[in-house]
Amino acid sequence: MNKKGLAILMRARMRPSDSNSKISLFPLARPLAMLHFLIVGHGILSLSGKEKLNRATPDSQANQSGGSGMEPASDKGNDQTNFSCQNKRAFELVKESMHSAISMNKTEVLDAVLNDFTEGYFSLSGESRKALLLLLAKEYDLSRAQVRELIKQYLGLELPKADAAEEGNVVEESLLSPFYRIERNLRHALKPTYEVLFERLNTHRGGLKFLSILRADILSILAEENIPSLRALDSNLKEKLGTWLSPAALELHQITWDYPASLLEKIVAYEAVHPISNLLDLKRRLGVGRRCFGYLHPAIPGEPLIFIEVALLKTVAQTIQEVLWDDPPILEHAATCALFYSISSTQPGLTGINLGKFLIKRVITLVKRDMPQISIFATLSPIPGYMQWLLSKLASQLKLAETDDATRTSSDQSGSSFCENILEPEEERALLNLSEEYKAMKNGMEVMFHLLTTNDYTWANSPEMVSVLKPPLMRLCARYLLQEKKRGKALDSVANFHLQNGAMVERINWMADRSEKGQRQSAGIMVNYVYRLENIEENAQSYFSTGQIHSSDDILEYVKGVEA
């Protein structure tokens with residue numbers, strides 16, 4: 001192995017101990033999962049489960065030391081007391097530095113104060129961070145008494161008469177002057193005090209990265225408990241980050257094997273769709289017939305905020321196997337299709353900020369410029385919510401059918417209006433006729449639910465079961481993508497992402513991802529979204545305004561005759 005490969009491996013091994021990238025409230029599953037890359041790819045590391053945990057969360061030992069059960073019983077009480085005192089002192093120091101960072105006007109010492117605050121924050125336990133964030137959200141919020149008073153003053157003003165306004169600009173300006181003054185004061189009063197902290201951190205070295213980590217902690221707390229004041233703080237910070245991370249401030253890079261090992265290991269660590277298995281796999285994804293583009297920000301050097309992987313192909317791929325293991329790749333001048341097969345964000349704290357929208361459009365422009373023969377821009381995308389939706393649908397319908405059977409009387413045979421047999425008659429018969437065991441079940445939905453909930457996915461290895469399950473699974477997948485919505489938009493998160501960016505649903509592909517993850521998420525089905533350059537803006541606008549989902553005729557055939 002060359003020095004660069006070894007550097008990537010060793011950086012990957014040590015990465016979780018980097019306190020600046022560590023989020024004690026946020027799970028570190030992605031860097032931990034990357035140890036599979038190290039062990040399987042080169043056999044260099046062999047860490048026990050305990051060692052992995054210790055390396056991944058070195059500061060969590062402090063969080064757990066008061067009750068880990070590992071220390072002698074006689075010292076446990078004293079250790080807990082000492083830890084509590086230390087935690088309290090640390091919290092008070094960070095609280096004071098946060099207050100100074102907000103209230104201080106001396107710019108010559110502000111950098112030092114912000115350094116104290118950020119470093120102190122990283123030293124806090126998860127519970128202390130939560131307490132500090134709640135304090136920030138509540139005690140540094142806006143003054144509602146002041147807002148109410150200003151609104152009262154504003155409502156007490158008398159609007160100028162129409163004839164007075166027509167006399168001239170000078171008179172009009174004089175009459176409107178109180179309105180302008182109160183409106184200005186209202187804008188100032190509606191600005192929470194904690195905005196000062198966010199704005200100062202944004203201009204501080206390393207502050208933008210810190211704000212991303214801060215928001216990841218906020219989101220982690222909100223996932224467990226809905227706290228209105230903290231949600232308001234999150235909304236404010238999200239809006240700020242969205243402004244500071246506008247496309248004009250981001251730099252598009254084509255990431256190659258020549259980039260520093262420190263950046264490449266982040267590609268390995270944060271690949272969220274199709275994990276990179278070893279160095280050869282990484283090198284291949286950055287080599288001939290492949291492209292990797294990432295957005296970087298000058299304030300967070302050497303770390304892509306989001307990156308996209310592209311395969312150059314002759315036609316739109318139908319399986320991920322042919323994308324990841326097509327060896328050797330075709331000659332680039334023969335490619336006519338740029339296939340986006342993975343988009344990954346590296347910053348949990350930027351959740352909800354659509355950087356991918358701008359990334360895809362800029363990548364399309366760049367690829368089209370460098371390779372004019374490319375005429376097709378498509379994706380091979382997972383369908384992460386399909387099986388969750390389908391199994392929930394089957395379970396609820398089975399429960400309704402059971403309840404309906406128990407309550408139905410001989411005089412009332414109509415049944416519940418909520419019951420829906422989601423299977424076609426021929427699908428129902430085929431499922432019940434699979435074997436004698438299944439004939440004893442109540443209906444085809446029960447058979448389907450039973451087959452899809454087996455842990456080892458044995459049905460996928462049985463030609464007979466596959467032939468029976470394929471028609472309903474493909475049909476219901478099309479229904480899920482085109483018709484199942486939440487607040488007027490596609491229920492599936494990946495579908496919603498591409499549709500709001502102007503793509504159309506082109507094709508669904510059977511057994512496109514045979515991995516355990518692919519089976520669990522979508523029964524191995526993947527979908528091609530296509531970006532047609534002449535229709536991108538129109539598609540995006542119609543989806544945004546009316547929720548209209550553009551799709552090919554082939555997809556529509558699956559749901560023909562079914563109302564959306």
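Select residues 306-313 and 337-345 to begin: these are strands β3 and β4, which pair with each other in the antiparallel sense over eight bridges. Within this pairing, colour L312 and look across to β4, where A338 stands opposite. Keep in mind throughout that this is a predicted model.

Now widen the selection to the sheet as a whole. The strands β3 and β4 belong to an open sheet of seven strands, which runs in the order β1-β2-β3-β4-β5-β9-β8 and whose pairing is mixed. To find its margins, select 251-254 for β1 and 504-509 for β8, the edge strands, each of which pairs on one side only. Looking along the sheet, you can follow how neighbouring strands are turned by 30° against each other on average, with direction ignored.

Stay at the β8 end and add residues 463-483, which form helix α23; this helix packs on the sheet and touches both β8 and β9 (526-531). If you draw direction arrows for α23 and β8, the angle between them should come to about 160°.

Next, leave the sheet and select residues 107-123 together with 207-224, that is, helix α7 and helix α13, which pack at an angle of about 35° with their axes 12 Å apart. Turn the view until one helix lies in front of the other, and the crossing of α7 past α13 appears as a left-handed one. Show side chains at the contact: from α7 come F117, T118, Y121 and F122, and these meet F210, I213, L214 and D217 of α13. Sorted by class, the residues of this contact are six nonpolar, one polar and one charged.

The last stop concerns enclosed empty space. Rolling a probe the size of a water molecule over the atoms shows where such space is left. The structure holds three cavities of 30 Å³ or more, and the largest cavity has a volume of about 60 Å³.

Which residues line the largest cavity? Select V273, H274, P382, I383, D513, K517, G518, Q521, S522, I525 and M526, and the lining is complete. Colouring by helix then brings out α25 (residues 516-522), since the largest share of this lining, four residues, comes from that helix. Recolouring by class instead divides the lining of the largest cavity into five nonpolar, four polar and two charged residues.

Notes. Residues are numbered from 1 along each chain as its sequence is written. This is a predicted model: local features need pLDDT of at least 70, side-chain atom pairs count only at pLDDT 80 or more; totals for chains, interfaces and linings use all residues. Side-chain values use heavy atoms; hydrogens and water are left out. On a 1 Å grid over the protein atoms alone, a cavity is a set of points where a 1.4 Å probe fits but cannot get out, and a pocket is an open set with protein on both sides within 12 Å along at least five of seven lines; lining residues have an atom within 4 Å of a point. Grid points are joined across faces, edges and corners, and a volume is the space filled by probe spheres set on the points. Helices (H or I, at least four residues) and strands (E, at least two) are DSSP runs, numbered from the N terminus. Ala, Val, Leu, Ile, Met, Phe, Trp, Tyr, Cys and Pro count as nonpolar, Asp, Glu, Lys and Arg as charged, and the others, Gly among them, as polar. Axes are lines fitted to C-alpha atoms, for helices over the stretch in contact, and angles run from 0 to 180 degrees between N-to-C directions. A crossing is left-handed if the near helix is turned anticlockwise from the far one by less than a right angle, and right-handed if clockwise. Contact means heavy atoms within 4.5 Å. Two strands pair if DSSP finds at least two bridges between them.
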